[in-house]
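Here are my notes for anyone opening this one for the first time. Have the viewer ready and click along as you read.

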Number of protein chains: 2
Amino acid sequence: MSSAKSREALVQELEEAMRRSSAQGVMYGQAVAEVAGISNSDMECMDILLLEGRVTAGRLAEVTGLTTGAITGVVDRMEKAGYVRRERDESDRRKVFISVIEEKAAEIGKFYVPMQEAMLKVWSSYTEDELRLLLRFANDGHKGVLEATAALKSVIDTPPEQRAKLKMPPKSRR
Amino acid sequence: MSSAKSREALVQELEEAMRRSSAQGVMYGQAVAEVAGISNSDMECMDILLLEGRVTAGRLAEVTGLTTGAITGVVDRMEKAGYVRRERDESDRRKVFISVIEEKAAEIGKFYVPMQEAMLKVWSSYTEDELRLLLRFANDGHKGVLEATAALKSVIDTPPEQRAKLKMPPKSRR
DNA sequence: GCCTAATATCTTATAAACTAAGATAATTAG
DNA sequence: CTAATTATCTTAGTTTATAAGATATTAGGC
């Protein structure tokens with residue numbers, strides 16, 4: 001019974017299942033923001049900061065897609081709440097680095113514990129070989145999403161006249 | 001030699017890889033909303049509608065975590081833009097079902113094409129047995145995230161005195 | 001059947017957070 | 001040195017959210 005389901009049906013089920021669980025993942029993030037008492041955008045910036053450590057205001061704007069003005073607001077709020085600190089770059093004094101204050105940020109990290117525990121529980125029912133496959137998929141998937149994001153964004157940058165039918169050559173920016 | 005990587009290391013890598021790709025997934029969603037010219041919340045509601053087909057305003061509020069007043073606004077905007085239509089339930093005339101207008105919704109669906117293509121490309125490099133494993137994981141994962149969301153929300157309802165310490169995850173080294 | 005409570009959505013006033021445009025300040029190039 | 005560029009912040013106005021309560025419908029107890 002190697003084909004109880006056709007490959008096509010399998011792929012379709014996969015698509016739907018992935019969509020559902022990623023939607024639920026988004027909602028988890030919102031719930032964390034709510035419990036932590038900070039806005040969604042602030043939370044997203046914290047995530048970036050926790051991953052990259054020390055980032056300029058401009059890069060936050062770039063990554064989140066917010067305007068620099070909005071980022072000023074985000075950083076004001078997070079600084080006031082004690083999560084981050086502004087540090088002017090001494091070699092280029094226009095730049096402002098935002099850096100995480102670890103002790104305070106750890107309070108937020110706690111809210112990810114239920115998620116980590118749930119995932120550990122799920123993974124505990126898989127063999128090591130299966131986990132290796134999942135890891136391969138997570139990495140392949142990440143690359144795929146990056147690719148898709150680039151393809152989609154090239155649509156944004158295409159002037160409306162030319163936008164009629166979408167093509168995929170990723171346009172190099174910056 | 002069945003463990004080139006220890007199970008623990010594997011799980012940790014998985015955790016990080018999943019976090020990265022889901023963060024990228026969130027960004028894809030934002031990009032779609034931007035290209036489609038509708039807000040993030042509106043987009044989220046559209047996603048729910050596309051999945052469930054026909055949903056009451058109250059359920060949208062429940063699922064998204066927005067107030068019913070905010071949902072009124074969301075539906076007003078989407079109705080005005082022609083994506084959905086309000087339908088009063090004849091058997092309980094307090095209820096308002098929101099249902100998708102397929103032809104118009106397809107315009108949004110088109111922005112998911114780059115993502116679908118990227119995923120198809122990824123999946124094409126897996127065997128059917130492997131796809132079945134991925135499907136199992138997607139479903140298990142969804143259940144896990146639901147569980148985690150519930151666990152997190154129970155923290156909201158816990159009085160602050162008892163909320164003091166949650167277990168921290170095993171310190172992740174990067 | 002009638003009154004009260006509960007449910008589902010919408011309305012209003014107000015607040016939060018965003019954008020667009022432009023001000024400020026520092027750096028780089030000619 | 002001056003002009004152009006870069007990075008962030010400020011301001012005015014808009015969008016989208018909340019909280020509280022209005023409106024309309026249904027359900028339950030007597």
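The points below go from the overall layout to the two DNA strands and then to a few spots in chain B.

1. First things first: this is a predicted model. Keep that in mind for every distance and angle quoted from it.

2. Start with the build of chain A. It has 7 helices and 3 strands. Walking from the N terminus, you meet the elements in the order α-α-β-α-α-β-β-α-α-α. The chain has 174 residues, and 40% of them count as buried. Among the contacts in chain A with a separation of 6 or more, 44% are between residues 24 or more positions apart. As for the outside, chain A exposes about 9,900 Å², with carbon and sulfur atoms supplying 53% of that area.

3. Next, how do chains A and B relate? A turn of 180° and a shift of 0.4 Å along the axis lay chain A on chain B, with an RMSD of 0.7 Å. That is the relation of a two-fold axis. Both copies use the same surface: 93% of the contact residues of chain A recur in chain B.

4. Now look at DNA strand D. There are 22 residues around it, and those that come nearest are A:Gly58, A:Arg86, A:Arg94, B:Ser41 and B:Arg94. If you take the atoms of DNA strand D within 4 Å of the protein, 73% belong to sugar or phosphate, and bases make up the rest.

5. Some phosphate contacts on DNA strand D are worth clicking on. From chain A, a backbone N or O atom of A:Ala57 sits 3.3 Å from a phosphate oxygen, and a side-chain N or O atom of A:Thr72 is 3.4 Å from a phosphate oxygen. Chain B joins in through B:Arg77, with an N or O atom of its side chain 3.1 Å from a phosphate oxygen of the strand. The elements giving two or more residues to the surface near DNA strand D are α3 (57-64) and α4 (68-80) of chain A, along with α4 (68-80) of chain B.

6. DNA strand C comes next. Of the 20 residues around this strand, A:Ser41, B:Gly58, B:Thr68, B:Arg86 and B:Arg94 come nearest. Sugar or phosphate accounts for 70% of the atoms of DNA strand C within 4 Å of the protein, and the rest belong to bases.

7. What does B:Arg94 reach on DNA strand C? One of its polar side-chain atoms lies 2.9 Å from a base oxygen. Phosphate contacts turn up on this strand as well: a side-chain N or O atom of A:Arg77 is 3.2 Å from a phosphate oxygen, and a backbone N or O atom of B:Val96 lies 3.2 Å from a phosphate oxygen. Two or more residues of the surface near DNA strand C come from each of α4 of chain A, α3 (57-64) of chain B and α4 of chain B. Of these, α4(B) gives the most, with 3 residues.

8. Stay with B:Arg94 for a moment, and look at its partner within the protein. The side chains of B:Arg94 and B:Asp92 are joined by a polar contact of 2.9 Å. B:Asp92 is in the loop between β2 (84-88) and β3 (96-100) of chain B. Is B:Asp92 buried or exposed? With a relative accessible area of 18%, B:Asp92 falls under the 20% cut-off, so it counts as buried.

9. Helix α1 (residues 7-36) of chain B holds B:Ala36. B:Ala36 is buried, at 17% relative accessible area. Beyond its neighbours within four places in sequence, B:Ala36 is in contact with B:Tyr83 and B:Phe111. B:Ile108 is 72 residues away from B:Ala36 in sequence, yet their C-alpha atoms are 6.4 Å apart.

10. Last, two helix checks in chain B. The 30 residues of α1(B) should span 44 Å at 1.5 Å a residue, and the end C-alpha atoms are 43 Å apart, which agrees. Just after that helix, B:Gly37 has a positive phi of about 75°. For α2 (residues 40-52), the 13 residues should span 18 Å, and the ends are indeed 18 Å apart, C-alpha to C-alpha. B:Gly53, just after α2(B), also takes a positive phi, of about 85°. The buried residues of α2(B) include B:Met43, B:Met46 and B:Leu49.

Methods. Residues are numbered from 1 along each chain as its sequence is written. Chains are lettered from A and ligands numbered from 1 in the order in which they are written. This is a predicted model: local features need pLDDT of at least 70, side-chain atom pairs count only at pLDDT 80 or more; totals for chains, interfaces and linings use all residues. Side-chain values use heavy atoms; hydrogens and water are left out. Helices (H or I, at least four residues) and strands (E, at least two) are DSSP runs, numbered from the N terminus. The expected span of a helix is 1.5 Å times one less than its number of residues. Buried means under 20% relative accessible area, exposed over 50%, partly exposed in between (1.4 Å probe, protein chains only). Copies are superposed by least squares on the C-alpha atoms of residues with pLDDT of at least 70 in both. Contact means heavy atoms within 4.5 Å. Accessible areas come from the Shrake-Rupley method with a 1.4 Å probe; for residues, only the protein chains shown count as cover. A polar contact is a pair of N or O atoms within 3.5 Å; within protein, one must be able to donate a hydrogen and the other to accept it, and residues adjacent in sequence count only if both atoms are side-chain atoms. A residue is near a molecule or strand if one of its heavy atoms lies within 4 Å of it.
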